[in-house]
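Here are my notes on the model you sent, set out as numbered points. They begin with the sheet and then move to the core and to a few single residues.

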Amino acid sequence: MRIGVILASHGEFAQAALGAVEMIAGKQPDVVALGLTAEKSLETFEAEMASAYETLSADCDLVVTLCDIYGGTPFNVTTRCLLNGMDMVAYTGLSMPVVVELLLTRDGLDSADAVRAQLTSAHAGVQQEICAPAPAVSDDEDDLDL
């Protein structure tokens, strides 16, 4: 199954995330990064989303959209696209671990359900704490800031 990916964010975050992933994994085909900037109108962003979808859906079996923030404008534009009949799978929570996981495993995914499972796993990994700082040790009670 060939999976196309749209990354949608406020500002240049989507483009920067894609650039960082490509540093790790090389050039990624069938990926479009869209950013809603202060200079861009809502209509322009919607047109870019529609164009990205049309391009990817022409060559891919499935289009997956990752938005940065639930309820934000890129999310709302994606929702509008879904309501207007664009057949894609859409998620929020755009982050490096999620993008890396999706792009590095998408060739082995064979359905929208497999994509859902993979992204659920990637999102769970984002929530893990690496290391909690140890509290400062002091013999003097006056040094404690509560």
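1. Two strands are taken to pair if DSSP finds at least two bridges between them. β3 and β4 meet that condition, because 4 bridges join them and at least two are needed. Their pairing is in the parallel sense. Within this pair, Leu66 stands opposite Tyr91 of β4. Please keep in mind throughout that this is a predicted model.

2. The sheet as a whole is open and has 4 strands, in the order β2-β1-β3-β4, with parallel pairing. β2 and β4 are its edge strands, each pairing on one side only. On average, neighbouring strands are turned by 15° against each other, direction ignored. As a general point, strands of a sheet pair through backbone hydrogen bonds, in either a parallel or an antiparallel way.

3. On the overall layout, the protein chain has 5 helices and 4 strands. Along the sequence, the elements follow the pattern β-α-β-α-β-α-β-α-α. The chain has 146 residues, of which 38% count as buried. Among contacts between residues at least 6 apart in sequence, 76% join residues at least 24 apart.

4. The largest nonpolar core has 24 residues, and those touching the most other members are Leu7, Val64, Leu66, Leu102, Val115 and Leu119. At least two residues each come from β1 (3-10), α1 (13-25), β2 (31-36), β3 (62-67), β4 (89-92), α4 (96-105) and α5 (112-126). The greatest contribution, 5 residues, is that of α4. A second, separate core holds 17 residues, among them Leu36, Tyr53, Cys60 and Phe75.

5. Val64 deserves its own entry. Leaving aside neighbours within four places in sequence, Val64 is in contact with Ile3, Gly4, Val5 and Ile6, and also with Val89, Tyr91, Leu102, Val115 and Leu119. Of these partners, Leu102, Val115 and Leu119 are also listed with Val64 among the residues that touch the most other members of the largest core.

6. Thr78 belongs to helix α3 (residues 73-83). Is Thr78 buried or exposed? Thr78 counts as buried because its relative accessibility is 2%, and the cut-off is under 20%. A polar atom of the Thr78 side chain lies 2.9 Å from the backbone oxygen of Pro74. Beyond four places in sequence, the contacts of Thr78 are Met49, Thr65, Cys67, Met88 and Ala90.

7. Cys67, one of those contacts of Thr78, raises the matter of disulfides. The structure holds 0 of them. For Cys67, the nearest cysteine sulfur is that of Cys81, 9.2 Å away. Likewise, the nearest cysteine sulfur to Cys81 is that of Cys67. A disulfide would need the two sulfur atoms within 2.5 Å, so neither Cys67 nor Cys81 is in one. Both side chains belong to buried residues: Cys67 has a relative accessibility of 1%, and Cys81 has a relative accessible area of 5%.

8. Arg106 is in the loop between α4 and α5, yet it counts as buried, at 5% relative accessibility. Which backbone oxygen does the side chain of Arg106 reach? That of Ile3, at 2.8 Å. The C-alpha atoms of Arg106 and Ile3 are 6.4 Å apart in space, although the two residues are 103 residues apart in sequence. Leaving aside neighbours within four places, Arg106 is in contact with Met1, Ile3, Gly4 and Val5, and with Gln28, Pro29, Asp30 and Val31.

9. Leu109 is found in the loop between α4 and α5 as well. With 7% relative accessibility, Leu109 counts as buried. Its C-alpha atom is separated by 8.6 Å from that of Arg2, and the two residues are 107 residues apart along the chain. Not counting residues up to four places away in sequence, Leu109 touches Met1 and Ile3, and also Leu102, Ala114, Val115 and Gln118. Met1 and Ile3 are contacts of Arg106 too.

Notes: Residues are numbered from 1 along each chain as its sequence is written. This is a predicted model: local features need pLDDT of at least 70, side-chain atom pairs count only at pLDDT 80 or more; totals for chains, interfaces and linings use all residues. Side-chain values use heavy atoms; hydrogens and water are left out. A nonpolar core is a set of buried Ala, Val, Leu, Ile, Met, Phe, Trp, Tyr and Cys residues joined through side-chain atoms within 4.5 Å. Buried means under 20% relative accessible area, exposed over 50%, partly exposed in between (1.4 Å probe, protein chains only). Contact means heavy atoms within 4.5 Å. Axes are lines fitted to C-alpha atoms, for helices over the stretch in contact, and angles run from 0 to 180 degrees between N-to-C directions. A polar contact is a pair of N or O atoms within 3.5 Å; within protein, one must be able to donate a hydrogen and the other to accept it, and residues adjacent in sequence count only if both atoms are side-chain atoms.
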